[in-house]
Amino acid sequence: MRSILIGIDGAEPSLIQKWQDELPTLANFNFCKLESTLPPSSAPAWTSVVTGVEPEKHWIYDFFYFDGEIKVVNSRYRKKPAIWNLLSSLGMKSIVVNVPVTYPPEKINGVIVSGLLTPPKAKFVFPNGAEKLLKGYKMEHLIVDDLPIRIASYYYPEKVLTMLNEWIGWRTKAVLRLISKYGFDFCMVVYRATDLAQHFLDDEYVYQIYKKVDEEIAKIMENVKANYFVVSDHGFCKIRKNININNFLYEKGFLKIKKKEGKLKFGKRIANFLRFLPRKFTHLPFVKKMLFSIAKKENVIDFSSSIAFCLSSSSRAILMRREHKDEVVKEIESIKLNGEKVLKLKELKYPYIKDWSYMVADLKDGYFLMDLLNFEGMISKPEKFNFKREHAKEGVFMTYGKIFKEMDEKAKITDVMPTILHSMKLPIPNYLDGKVLDIFKEKRAVRKVDWEKYWLSEKEREIIRKLALKI
Ligand SMILES: [Zn+2]
């Protein structure tokens, strides 16, 4: 039986449960919590969903990576096959819509409409011809009436809501059109609006976005018979305090800057001043550019003389020179808020640069590790244009279909991919970090195969195909 995986970015387990009565579609699903990746961030987490391995194996640690300079990742950096690559090698068809870090779209048996991190105006659909079905489809551009979404969310939340609803509607339309034209064995779509809404909007709007997603899932289910999975890459919780870790590293002398602090403070004062001007002023392209350049770390941080710096808020990563690791870790881990320690650092194997350790903060939910460098101290309260909520470590894993029983276990994010393959009666690759979850009414032995290379030879392919038919 074919499978559909619906991603609801950042769907928070406690909200799904709290709004059970108002989300009639999701209420029909079996439900359990899901442990996200470290960090619980969209790029590594969705990549772990589709590959069944942890970031150290798939190499997508964040939207960014550092190899001496800060750069943005894309689908080519993923070092393990996604489920659609494996299925393609068996001649099975996938339809993939709006999954983060799928740009540039790969050639697969089926269709890919790339998601988050697709550059503006880039070709975002494979194969040629499929884009005809998507006229009017919008990528996430994060600009509303020329204002960045974080500012628009404050002044015009209704407009932001309308835009997010439109995006959600289009993801559904794309899925239904592509399914009816191409057919599928596996289909995946990610609704991303829930993530943005929870970062920027007040509770009442967040509720409306959850409701909209619930209605859209119903539209797919009415039209397409399949086994359904609903997954979120992480949850969300309110931010109590921001930890401005780069300010801390600067104060301790670990982070070095290029210009004199006075000059940077001046730039910061202008930026601050501009934020409180009427929006017409923040509209000016020049001003926007300036705000942008002030924000750009590369203008400020001197990587060549720094000992440690935070790569990005989303990565929760602090890169530190290996020879200074012990002293930097000691300083950071001793940070206490209200008398309690709030973070621990974990080193991840990092292939992009030698001589630096890549340490990811395992942070207590409710704190936000900000990469902001404004020389104003380590702790701040969320301000009006800051994130209202931040990613939490647990998302959801939900199923709907005759083959599923109720779940009482907790899933890991890397379990999703092998569990879906098993639901399709396929063997699973032997290198995975995840396992097949005990969620099926009928118990069937899990078959593991040496599927390391998805560019399999015809002979290997035949072996797996036969295996797949046997079970
Ligand atoms: Zn996310």
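**Exercise 1. Helix packing**

In this predicted model, determine at what angle helix H6 and helix H8 pack, and whether they are roughly parallel or roughly antiparallel.

Solution.
- Step 1: Locate the helices. H6 covers residues 157-182 and H8 covers residues 203-223.
- Step 2: Read off the geometry. The two pack at an angle of about 15°, and their axes are 10 Å apart.
- Step 3: Classify the angle. Angles under 35 degrees count as roughly parallel, so H6 is roughly parallel to H8.
- Step 4: State the handedness. H6 and H8 cross in a right-handed sense.
- Step 5: List contact residues. On H6 they include Leu-161, Leu-164, Ile-168 and Val-175; on H8 they include Tyr-205, Ile-209, Val-213 and Ile-220.

**Exercise 2. An antiparallel sheet and its helix**

Find which strands stand at the edges of the open sheet of 4 strands, and which helix packs on that sheet.

Solution.
- Step 1: Write down the order. The strands run S14-S15-S19-S18, and the pairing is antiparallel.
- Step 2: Identify the edges. S14 (308-310) and S18 (343-348) each have a single partner strand, so one side of each has no neighbour in the sheet.
- Step 3: Give the twist. From one strand to the next it averages 30°.
- Step 4: Add the helix. H14 (residues 325-333) packs on the sheet and touches S14, S15, S18 and S19 (356-363). The direction of H14 makes about 150° with that of S18.
- Step 5: Check one strand pair. S14 and S15 (residues 317-321) run antiparallel and are joined by 3 bridges; Ala-308 has Met-320 in S15 as its bridge partner.

**Exercise 3. One residue in S15**

Decide whether Ala-317 is buried or exposed, and name the residues it is in contact with beyond its neighbours within four places in sequence.

Solution.
- Step 1: Place the residue. Ala-317 belongs to strand S15.
- Step 2: Count neighbours. Ala-317 has 29 other C-beta atoms within 10 Å. The cut-off for a buried residue is 20 or more, so Ala-317 is buried.
- Step 3: Name the contacts. They are Tyr-61, Asp-62, Cys-310, Leu-311, Tyr-358, Met-359 and Val-360.
- Step 4: Look further along the chain. Pro-39 is 278 residues away from Ala-317 in sequence, yet their C-alpha atoms are separated by 8.2 Å.

**Exercise 4. Parallel pairs**

State how many bridges join S1 to S10, and how many join S13 to S20.

Solution.
- Step 1: Take S1 (residues 3-8) and S10 (residues 186-191). They run parallel, with 6 bridges between them, and Ser-3 is partnered by Phe-186.
- Step 2: Place this pair. Both strands belong to an open sheet of 9 strands with mixed pairing, in the order S7-S6-S5-S10-S1-S11-S23-S2-S24. S7 (125-126) and S24 (411-412) stand at the edges of this sheet.
- Step 3: Take S13 (residues 241-244) and S20 (residues 367-370). They run parallel, joined by 4 bridges, and the partner of Lys-241 is Tyr-367.
- Step 4: Inspect the side chains of S20. Tyr-367 and Leu-369 point one way, Phe-368 and Met-370 point the other way, and all are buried.

**Exercise 5. Confidence**

Identify where the pLDDT is below 50.

Solution.
- Step 1: Start from the whole protein. The mean pLDDT is 89, and 88% of residues reach 70 or more.
- Step 2: Find the stretch. The pLDDT is below 50 over residues 276-291. Beyond near neighbours in sequence, this stretch has 12 contacts in the model.
- Step 3: Draw the consequence. Predicted coordinates should not be read in detail where pLDDT is low.

Terms used:
Residues are numbered from 1 along each chain as its sequence is written. This is a predicted model: local features need pLDDT of at least 70, side-chain atom pairs count only at pLDDT 80 or more; totals for chains, interfaces and linings use all residues. Two strands pair if DSSP finds at least two bridges between them. Axes are lines fitted to C-alpha atoms, for helices over the stretch in contact, and angles run from 0 to 180 degrees between N-to-C directions. Two residues are in contact if their C-beta atoms, placed from the backbone, lie within 7 Å. pLDDT is the predictor's confidence in each residue, from 0 to 100. Angles under 35 degrees count as roughly parallel, over 145 as roughly antiparallel, 65 to 115 as roughly perpendicular and the rest as oblique. A crossing is left-handed if the near helix is turned anticlockwise from the far one by less than a right angle, and right-handed if clockwise. A residue is buried if 20 or more other C-beta atoms lie within 10 Å of its own, exposed if 12 or fewer, and partly exposed in between; C-beta atoms are placed from the backbone.
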